Structure formats: C-alpha cells, structure tokens
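Me: I'd like a close look at one part of this model: the helix packing. Could you walk me through it in one go, and add whatever else helps to place it?

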Amino acid sequence: MSDHEYTPKSKVGKWFNDRLPLLTLANHLTDYPTPKNLNYWWTFGGILTFCLITQIVTGLVLAMHYIAHADMAFDSVEHIMRDVNYGWLIRYIHANGASMFFLAVYIHIFRSLFYGSYKAPREIIWIIGIIIYLLMMAAAFMGYVLPWGQMSFWGATVITNLFSAIPLVGEGIVTWLWGGYSVDNPTLTRFFTLHYLIPFLILGLVVLHIWALHVPGNNNPVGIDVKKPSKDTVPFHPYIVIKDGFALLMFMIVFAFFVFYTPNILGHADNYIEADPLVTPAHIVPEWYLLPFYAILRSVPDKLLGVVAMLSAIFILAALPWLDTSKIRSAVFRPLYRQFYWILVADVLILGYVGAMPAEGLYLLIARVATAYYFLHFLVILPVLGFKEKTLPIPLSITEPVLGGSPNLATAKKREFK
Amino acid sequence: MTDKKTNRRDFLFTATYAVGAVGVGATIWPMIDQMNPDASVKALASTEVDVSAVNPGKTITVLWRGKPVFIRRRTQDEIAEARAVKLEELKHPETDEDRAKNPEWLVMLGVCTHLGCVPLDQKGDYNGWFCPCHGSHYDISGRIRKGPAPTNMEIPKYEFVNTNTIKIG
C-alpha cells in the first residue's frame with residue numbers, strides 16, 4: 001500500500017518484519033499521506049474509533065456484574081449503580097457513550113454528504129460505513145433492552161413486531177426472534193449475546209473501512225484528487241494525529257459533561273421502572289438517534305408500508321453513490337446542491353422532532369411532508385441536480401486556493417477569470 | 001463451442017455438492033431452531049381465570065403465555081353498540097357475534113396488532129381501546145376502526161369451564 005519500500009533500521013526489526021510485516025504496516029499508517037486542507041469535520045473518524053473502544057471496554061466491565069435474566073437483570077443494573085465500585089461511572093459512560101457514538105457518526109455521515117466523500121472511487125468505504133451504521137443501531141437497540149425496564153421491554157416489543165409486517169412468515173419470524181410468545185427471558189439472553197458480539201463485528205468492519213480508505217486516500221474539502229506524496233499532502237503522524245487528538249479532547253469535554261452533569265437526560269424515566277408485560281408506558285419513544293426513522297414509520301398509515309418506508313430510508317443511503325449523478329464531489333463548488341443539503345439537514349432534524357411527539361394532528365402532517373421530502377431528495381433532486389446544476393470551476397490543486405490567500409469560493413472564482 | 005458430454009467427473013462433482021449442501025443444512029438447522037420456543041415455554045399453554053368478581057362495565061387483564069388477555073364484562077349498551085356496527089364500516093370485517101360467543105363477555109388478546117403494545121381501556125374515538133404507541137383506535141368489540149393496526153385484536157381459544165371460570169388456551 002505504501003508508495004515506497006520500508007526497511008526497519010535494527011537487525012531484529014528487519015528479522016521480524018521479514019517474517020511478519022507489522023512494522024511495514026505501522027510505517028504505512030504513520031507516513032500515510034493526508035491532504036493538508038482537511039478541516040475539523042474530518043476528525044470524527046478518530047473520534048468514532050475512540051467511541052467504539054470506549055463502548056467495548058466499559059461493556060466488558062459491565063458484563064462482569066450484569067445478569068442476563070428476566071428476574072434479575074433490572075436488579076443487577078441497580079446493583080451496578082449502587083454497590084459496584086465506580087459502577088455508576090462505568091454504566092453512565094456506557095449509556096451516554098452510545099449517544100455520543102451516534103452524535104459523532106451523524107456528523108461523520110453529514111460531512112460525507114456535504115463533501116461528496118461517497119463518490120467514486122470511495123463507494124466501498126461508504127457502503128461499509130452504512131453497514132457499520134446498521135450494526136450500531138442493532139447494538140444500541142439490544143443494549144437498551146438489557147436493563148429490563150419498561151422502555152427496554154416495550155421498545156423490544158415494538159421493534160421485534162416490525163418483522164410481523166412481513167406477509168405469511170412474519171408471525172413465525174417474530175416467535176423465533178422472541179423464543180416464545182412474547183418478549184421474555186429467552187429474548188433477553190439472546191439479545192445479551194448479540195449485544196456482546198456486534199461491537200466486535202463493527203471493529204472488523206472498521207478495519208475494512210480504513211483499509212478501503214487507504215487505497216484512494218482521504219477526500220478533502222475541495223473534493224479534488226491529490227497527488228501523493230506531494231506538496232498537497234502531509235504525513236498522518238504527527239500532523240493529523242495531533243489535530244485528531246485535539247478534536248478528541250474537545251469531544252471528551254462534551255462527553256464528560258453528559259456523564260457527570262446530566263447522565264439521564266438522554267434516557268427515559270420510565271426505564272427506571274421494572275418491565276411489566278401488562279402495562280405499556282403512555283408515551284413510548286425510542287432513543288433520540290432513532291427518532292427520524294421512527295417518524296417515517298409512523299407517518300405511513302399502513303403497517304407493512306410503514307416498515308418498508310422506514311427500512312428504505314436507511315438502505316437508500318447505500319445507493320447514494322449512484323443516485324448522486326454529479327461529477328463534482330464537494331458542495332463548495334455546487335451552489336444548488338449546497339442549498340438542498342441544508343434543507344435535508346433541516347428535514348432530518350424536523351423528522352427527529354416530530355418522531356418524539358405524539359403521532360396526531362399537525363405533527364402527523366409535518367411528519368408526512370418531511371418523509372416525502374426525504375425520499376424526494378434522494379430519488380429525484382440528487383439524480384436531476386447532477387445534470388441541471390451549473391457548478392463553479394474547481395481549482396487545479398488543493399494548494400491553489402490556499403496560496404491564493406483564501407480557500408473560499410470568491411477567490412477561487414476570481415483567479416479563474418484572470 | 002464444443003458439445004460437452006456429461007462424464008463421470010461431472011456426476012461426481014454434482015453429487016458431492018448435493019451431499020455437501022444437505023450436510024451443511026442439517027448442521028445449520030439446529031442452530032436456527034434452538035431459537036424457537038422451547039418445551040418449557042410451550043408447556044405454559046393454558047390459564048384458568050375466576051371472573052365472578054368482575055362487574056358489568058369492567059375489564060380485568062390476565063397474563064397468558066406472557067401476553068395480556070382482556071376480559072371485559074360488557075354492559076347492555078355496549079353490546080347493542082357493538083352489534084349495531086355495519087360490516088362495511090370495518091377495516092377488518094368481523095361481526096360481534098363471531099367475536100363474543102357470550103355477548104356479555106369479551107375475551108381477547110390485549111395486544112395491538114400494529115406493533116404489540118397494550119391498548120388502554122375505555123379510550124379512543126370508538127369508546128373501546130386506544131393504543132398509545134402509534135394511535136390505533138378499537139371499538140367495544142376490539143375491532144380496529146382507525147390508525148395503523150391492520151387487524152382486529154385477536155380472540156384466543158377459550159371456554160367457560162362453569163359460569164364463573166374461563167379457561168384460556
């Protein structure tokens with residue numbers, strides 16, 4: 001992968017590297033040529049790696065004290081909170097860590113959407129990313145079931161019942177998922193197993209995600225190819241390591257704020273009531289990071305079509321590299337796309353808001369309009385825009401706008417007309 | 001292209017693949033089927049309920065196979081209301097006579113057919129049940145009238161053991 005041959009300096013290093021080229025890999029990672037114009041939106045890859053490792057480490061520790069049994073799960077979580085040394089801290093890091101993970105992944109995804117990072121030759125990176133995102137949702141959902149509170153139980157009931165919308169085999173699939181005729185102990189134990197497994201699957205996919213990234217190299221805010229190694233790039237270490245590290249520290253401040261000052265603000269009070277199969281909480285909502293999709297589900301007044309719409313809203317992202325027909329990657333040079341991009345951001349935020357509100361009256365109407373627009377954006381606006389939009393001239397290299405004094409559009413444009 | 005005759009080797013390949021596929025399937029099936037309800041879950045098949053203390057206009061909820069079952073003793077007004085509904089008005093047409101063999105007693109699974117929440121008693125636009133999760137309205141016969149649920153609330157298999165006892169399952 002590296003553009004130059006690497007030989008370790010020491011004799012032992014050379015002996016080892018000839019047998020297992022780990023040092024060549026390490027050298028590739030430190031020397032990896034990175035576009036020098038990357039902004040702070042590019043630091044979320046590193047932040048996400050931190051989030052994954054945090055979840056795995058805190059999760060391992062929690063699993064030493066948690067008991068996956070319908071009669072004991074709720075009490076064992078309270079035991080962690082009250083009796084286990086620093087149990088409260090570890091559990092709050094793990095619970096808020098899930099939210100922080102999604103916060104970072106949404107910024108990461110929307111950065112990709114703005115700068116066109118999903119376009120050729122980076123489609124595989126993007127698709128692996130979408131699979132990781134799906135697995136994250138599965139892991140988060142199953143993790144939320146484990147404390148066996150009211151929201152755990154009824155969240156599990158509603159989400160598993162989505163499968164009952166499948167014609168003919170739906171009911172059978174749901175019974176199979178439950179291991180019974182309702183969400184119960186067999187469901188809890190298998191969710192615990194899968195919740196433990198999925199992070200390691202994600203870890204494997206992250207390796208593939210980074211591997212696929214290192215083939216073409218990073219996209220960048222200007223969205224043009226860089227010649228590497230050249231004056232367009234800097235080595236990953238120390239330049240990007242320091243920048244990522246600084247961004248990570250800022251992110252950890254936000255993380256710590258939630259853990260130490262408002263550890264329960266992102267959860268639901270109902271989940272501190274033990275699961276009761278006879279009473280559904282009056283207002284049942286998923287965690288904030290699933291709300292936009294929940295709003296899409298509820299905006300369709302038909303069971304099967306609602307489920308289809310919700311799943312399509314996620315899977316449509318995988319087709320994005322082919323739905324966006326524009327050859328220009330970065331929104332900096334796409335004046336119309338830039339506007340539609342921000343409308344989409346607003347649309348998703350609105351969906352998230354109405355997803356948390358009761359599905360009736362004005363909220364339902366807004367949810368329906370926003371759902372329609374979401375699909376319109378991907379299925380109509382993006383394909384058409386690639387042909388109709390008059391894009392701005394792109395610079396010849398990423399160095400050009402920088403040396404021109406300012407990386408902004410006006411400068412790039414002025415220089416073009418000289 | 002040359003016309004290839006099926007020879008001994010092709011037959012052996014096909015036979016090997018076929019036997020291999022059966023072997024893989026036979027190995028995977030136990031791994032899948034272990035997730036289905038086990039013998040101890042299936043054993044909890046029926047429940048007997050004493051309903052002598054239920055007054056007209058009241059509903060009790062009992063647990064059967066991990067799911068709530070509503071047992072409502074309906075008033076004469078409610079029975080009249082349920083029986084007056086025309087089949088054309090229903091999304092999932094079923095007569096009240098079919099749903100409640102003994103019109104005074106409505107026995108049904110208290111599980112919304114949309115995504116499985118427990119609907120609330122005496123709420124909603126049709127004077128029956130209302131599901132708080134996604135807003136399905138059921139009438140006093142437990143039939144879906146408005147909202148995303150596709151079918152009426154299910155009637156389990158039950159029988160009156162005597163005038164005061166219902167056996168569900």
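**Helix packing, with some context**

Reply: Over all chains, the structure holds 16 salt bridges. Keep in mind that this is a predicted model. One of those ion pairs sits inside a helix: A:Asp18 pairs with A:Lys14, with their closest N and O atoms 3.3 Å apart. They belong to helix H1 (residues 11-19) of chain A and are 4 residues apart there, so about one helical turn separates them. Between chain A and chain B, on the other hand, the count is 0 salt bridges. That interface buries about 2300 Å², with carbon and sulfur atoms giving 65% of the area. Chain A puts 26 residues into the contact and chain B puts in 27 residues.

Now for the packing itself. Two packed helices are described by the angle between their axes and the distance between the axes, so I'll go pair by pair.

Let's start with helix H5 (residues 87-115) of chain A and helix H6 (residues 123-145) of chain A, whose axes come within 12 Å and cross at roughly 155°. Angles over 145 degrees count as roughly antiparallel, so that's the label for H5(A) and H6(A). Their crossing is left-handed. On the H5(A) side, the contact is made by A:Phe101, A:Phe102, A:Val105, A:Tyr106, A:Ile109, A:Ser112 and A:Leu113, while H6(A) brings A:Trp126, A:Tyr133, A:Met136, A:Met137 and A:Ala140. By class, this contact of H5(A) with H6(A) has 11 nonpolar residues, 1 polar and no charged. While you're here, look at the loop between H5 and H6 of chain A, where A:Pro121 is placed. The peptide bond leading into A:Pro121 from A:Ala120 is cis, with omega near 5°.

H5(A) also packs against H10(A), at an angle of about 130° and with the axes 9 Å apart. An angle like that makes H5(A) and H10(A) oblique to each other, and H5(A) passes H10(A) in a right-handed crossing. From H5(A), the residues in this contact are A:Trp88, A:Leu89, A:Tyr92, A:Ile93, A:Asn96, A:Gly97, A:Met100, A:Leu103 and A:Ala104, and they meet A:Phe251, A:Val254, A:Phe255, A:Phe258, A:Val259 and A:Phe260 of H10(A). The tally for H5(A) with H10(A) is 13 nonpolar, 2 polar and no charged. Helix H10 (residues 236-261) of chain A holds A:Pro238 too, and a cis peptide bond, omega about 10°, joins A:His237 to A:Pro238.

Then there's helix H11 (residues 291-299) of chain A, which packs on helix H14 (residues 335-355) of chain A at about 70°, axes 7 Å apart. That makes H11(A) and H14(A) roughly perpendicular to each other. Here A:Leu291, A:Pro292, A:Tyr294, A:Ala295, A:Ile296 and A:Arg298 of H11(A) touch A:Val348, A:Leu351, A:Gly352, A:Val354 and A:Gly355 of H14(A). The classes for H11(A) with H14(A) come out as 8 nonpolar, 2 polar and 1 charged.

One backbone oddity over in chain B, if you're checking torsions: B:Arg65 isn't a glycine, yet its phi is positive at about 50°. You'll find B:Arg65 in the loop between strand E2 (58-64) and strand E3 (67-73) of chain B.

Note on methods: Residues numbered from 1 in each chain as written. Chains lettered and ligands numbered in written order. Predicted model: local features only at pLDDT ≥ 70, side-chain atom pairs only at ≥ 80, totals over all residues. Heavy atoms only, no water. Axes fitted to C-alpha atoms, helices over the stretch in contact; angles between N-to-C directions. Helix = DSSP H or I, 4+ residues; strand = E, 2+ residues; numbered from the N terminus. Parallel < 35°, antiparallel > 145°, perpendicular 65-115°, else oblique. Left-handed = near helix turned anticlockwise from the far one by under 90°. Contact = heavy atoms within 4.5 Å. Nonpolar A, V, L, I, M, F, W, Y, C, P; charged D, E, K, R; others polar. Buried area = accessible area lost by both parts, 1.4 Å probe. Salt bridge = Lys/Arg side-chain N within 4 Å of Asp/Glu carboxyl O.
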